[in-house]
Amino acid sequence: MPSDGTPVYSGRCYCGAVRLHVTGPPQSVAYCHCSDCRRWTGAPVGAFVAVAPAQLRVSPPLGAPFSAVPGVDRWRCDRCGSPIAARFDYLPDQIYLPIGVMDQADALPPALHCHSASQLSWLHLTDGLPRNDGSGRDMLNDPMP
Ligand SMILES: [Zn+2]
Ligand SMILES: [Zn+2]
């Protein structure tokens, strides 16, 4: 944390070729149970840290995204294939970082579940957090305090 008290978060891909640097608190942290995020992350549920583009520095800078679905851009490490970042047209001015690549993941607890109707039947998360059967865009577009 710099002397002015601004929190700083860091992250990296599996091989370390891509480094992430986030300045300031994230806009939101959320689970996403949708099948796209599940497949992209390879995990039973995705969890993401949302930051403003101005908060994020990526080295080397993000190249061309991969887009399998209109309105959704996803980036991964060209070397090891780790998911690195995603962007959704319906969530403007936000970049979503998979929480597992963050060095401080333990200090970034999710605050809600998105697409919870798609949650795997054997996955039990009794955390009492708000659940949104859809994208949760209303809550995600209204950054948490
Ligand atoms: Zn890598
Ligand atoms: Zn998703």
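Two strands count as paired if DSSP finds at least two bridges between them. The legends below use this rule for a predicted model.

**View 1. Strands S2 and S5 pair across four bridges.** The pairing is antiparallel. Leu20 of S2 has Val58 as its bridge partner in S5.

**View 2. An open sheet of three strands, in the order S1-S2-S5.** Pairing in this sheet is antiparallel. S1 (8-12) and S5 (56-59) are the edge strands, each pairing on one side only. On average, neighbouring strands are turned by 15° against each other, direction ignored.

**View 3. S1 against S2 (residues 19-23).** Five bridges join these strands in the antiparallel sense. Gly11 sits opposite Leu20 in S2. Strands of a sheet pair through backbone hydrogen bonds.

**View 4. The two faces of S5.** Leu56 and Val58 form the covered face. Arg57 and Ser59 form the uncovered one. Beyond four places away in sequence, Leu56 touches Leu20, His21, Val22, Val51, Ile95 and Leu97.

**View 5. The largest nonpolar core, with 25 residues.** Leu20, Val49, Leu56, Leu97 and Met102 have the most contacts inside this core. At least two residues each come from S2, S3 (28-32), S4 (46-51), S5, S8 (83-88) and S9 (95-98). S4 gives the largest share, three residues.

**View 6. Another core, apart from the largest.** This core has 15 residues. Trp40, Phe48, Ala50 and Leu112 are among them. In soluble globular proteins, nonpolar side chains tend to be buried together.

Conventions. Residues are numbered from 1 along each chain as its sequence is written. Chains are lettered from A and ligands numbered from 1 in the order in which they are written. This is a predicted model: local features need pLDDT of at least 70, side-chain atom pairs count only at pLDDT 80 or more; totals for chains, interfaces and linings use all residues. Side-chain values use heavy atoms; hydrogens and water are left out. Axes are lines fitted to C-alpha atoms, for helices over the stretch in contact, and angles run from 0 to 180 degrees between N-to-C directions. Buried means under 20% relative accessible area, exposed over 50%, partly exposed in between (1.4 Å probe, protein chains only). A nonpolar core is a set of buried Ala, Val, Leu, Ile, Met, Phe, Trp, Tyr and Cys residues joined through side-chain atoms within 4.5 Å. Contact means heavy atoms within 4.5 Å.
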